[in-house]
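Let's take a walk through a protein together, one stop at a time. Keep the 3D view open and turn it as you read.

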Amino acid sequence: MDQTFHPRLTVLTHPLVQHKLTIMRRRETSTGEFRSLAREVSLLMAYELTRDLPIERVPIDTPLEPMMAPSIAGKKLCIVSILRAGDGIASGMLDLVPSARVGHVGLYRDPATQRPVEYYLKLPEDVAERLVIVVDPMLATGHSASAALGRLKAAGCNNLRFACLLAVPEGLSVLAAAHPDVPVFACAVDRALDEHAYIRPGLGDAGDRLFGTK
Ligand code: URA
């Protein structure tokens with residue numbers, strides 16, 4: 001737990017995560033490789049994010065005898081992707097948790113106010129009853145993540161987590177101010193935002209690198 005920039009920040013220091021992230025950062029990494037690595041890292045993130053899910057004992061029969069076996073209690077979790085780059089993270093998490101529900105939030109930045117404006121929202125009907133993991137690869141200014149979390153709270157969600165590949169102190173501070181209750185999981189905290197709101201050293205535009213656009 002690294003609480004310098006956010007009271008509930010966890011940085012995933014696992015060597016596999018860090019190694020894969022380094023390849024993702026490389027300029028020469030291809031779209032296909034980047035996408036596969038995003039999926040692999042997200043699967044590992046999902047492992048960490050779900051570490052404390054509640055367990056109940058359920059009766060089962062093995063081929064040899066009955067037993068009370070551990071099983072995840074309660075409703076399946078929901079992954080909410082912030083469009084469009086969040087989809088690159090959601091797909092890896094779904095590899096590990098295939099029965100999770102999936103929601104989408106679309107936000108664009110109003111050029112006049114620089115604030116996020118919602119253009120799309122689709123959530124499971126009973127989202128308020130689920131653990132919700134909001135995903136966006138880059139926590140840059142923090143405004144989109146903050147708006148998405150606010151929207152989910154307005155929908156009644158009170159069990160939220162936010163997951164990203166890279167964060168910067170600026171974005172973490174915005175989340176810490178607006179949503180200090182929401183645990184944040186990141187693979188690395190980079191140096192800073194530049195004047196174009198890119199994370200430095202970063203990995204470039206995550207959406208473009210995932211989808212091969214420019
Ligand atoms: N979004 C990205 O895709 N990259 C950044 O560096 C910042 C925001």
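Is L131 buried or exposed? To find out, count the C-beta atoms around L131: there are 20 others within 10 Å, and because 20 is enough to be called buried, L131 is buried. You'll find L131 in the loop between strand 6 and strand 7. Once you set aside the residues within four places of it in sequence, L131 is in contact with L77 and N159. Now look for S71, which is 60 residues away from L131 along the chain. The C-alpha atoms of L131 and S71 are separated by 16 Å.

Before going further, a word on what you're looking at. This is a predicted model. The predictor's mean pLDDT for the protein is 96, and 99% of the residues reach 70 or more. For the complex, the predictor gives an ipTM of 0.95 and a pTM of 0.95.

Now zoom out. The protein is built from six helices and twelve strands. Its radius of gyration is 18 Å, close to the 17 Å that the globule rule gives for 214 residues, so the protein is as compact as a globular protein of that length. If you drew a box around the C-alpha atoms along the principal axes, the box would be roughly 65 × 40 × 35 Å. Of the 214 residues, 37% are buried. And what about contacts between parts of the chain that are far apart in sequence? Take the contacts with a separation of 6 or more: 62% of them join residues 24 or more positions apart.

Next, try a stop with another kind of surroundings. Y120 sits in strand 6, which runs over residues 116–122. Y120 has 10 other C-beta atoms within 10 Å, so it counts as exposed. Exposed doesn't mean alone, though: beyond its neighbours within four places in sequence, Y120 is in contact with L83, H104, V105 and G106. Y108 is twelve residues from Y120 along the chain, and their C-alpha atoms are separated by 9.7 Å.

Helix 3 is a good place to look at packing. This helix covers residues 86–96, and its buried residues are G86, D87, G88, I89, A90, G92 and M93. A handy thing to know while you look: an α-helix has 3.6 residues a turn, so residues three or four places apart point the same way. What do the buried residues of helix 3 pack against? Quite a list: helix 2 (31–49), strand 4 (78–82), strand 5 (101–109), strand 7, strand 9 (160–167) and helix 6 (206–211).

Now for the sites marked in the record. An unreviewed UniProt entry carries a "binding site" annotation that covers R84, R109, D136, P137, M138, L139, A140, T141, G142, H143, S144 and D205. Start with D136, in the loop between strand 7 (132–135) and strand 8 (138–139). D136 has 29 C-beta neighbours inside 10 Å, so it counts as buried. Leaving out neighbours within four places in sequence, D136 is in contact with I82, A85, G86, S144, A145 and C164. T141 is in the loop between strand 8 and helix 4 (143–154). With 19 C-beta neighbours inside 10 Å, T141 counts as partly exposed. Its contacts, again without those sequence neighbours, are E170, G171, V174, L193 and A197.

The entry, which is unreviewed, also has a "binding site" annotation on I199, G204, D205 and A206. D205 lies in the loop between strand 12 (199–200) and helix 6, and its 15 C-beta neighbours inside 10 Å make it partly exposed. A206 is in helix 6, and with 25 other C-beta atoms within 10 Å it is buried. Past its neighbours within four places in sequence, A206 is in contact with A85, G88, P137 and M138.

Our last stop is the ligand. Which residues are around the ligand? They are A85, M138, A140, A197, Y198, I199, G202, D205, A206 and G207. Sort this shell by character and you get seven nonpolar residues, two polar and one charged.

Terms used: Residues are numbered from 1 along each chain as its sequence is written. This is a predicted model: local features need pLDDT of at least 70, side-chain atom pairs count only at pLDDT 80 or more; totals for chains, interfaces and linings use all residues. UniProt positions are given in the numbering used here, feature names are shortened, and annotations may be inferred rather than shown by experiment. Helices (H or I, at least four residues) and strands (E, at least two) are DSSP runs, numbered from the N terminus. A residue is buried if 20 or more other C-beta atoms lie within 10 Å of its own, exposed if 12 or fewer, and partly exposed in between; C-beta atoms are placed from the backbone. Two residues are in contact if their C-beta atoms, placed from the backbone, lie within 7 Å. A residue is near a molecule or strand if its C-beta atom, placed from the backbone, lies within 6 Å of it. Ala, Val, Leu, Ile, Met, Phe, Trp, Tyr, Cys and Pro count as nonpolar, Asp, Glu, Lys and Arg as charged, and the others, Gly among them, as polar. The radius of gyration is taken over C-alpha atoms; the globule rule is 2.2 Å times the number of residues to the power 0.38. pLDDT is the predictor's confidence in each residue, from 0 to 100.
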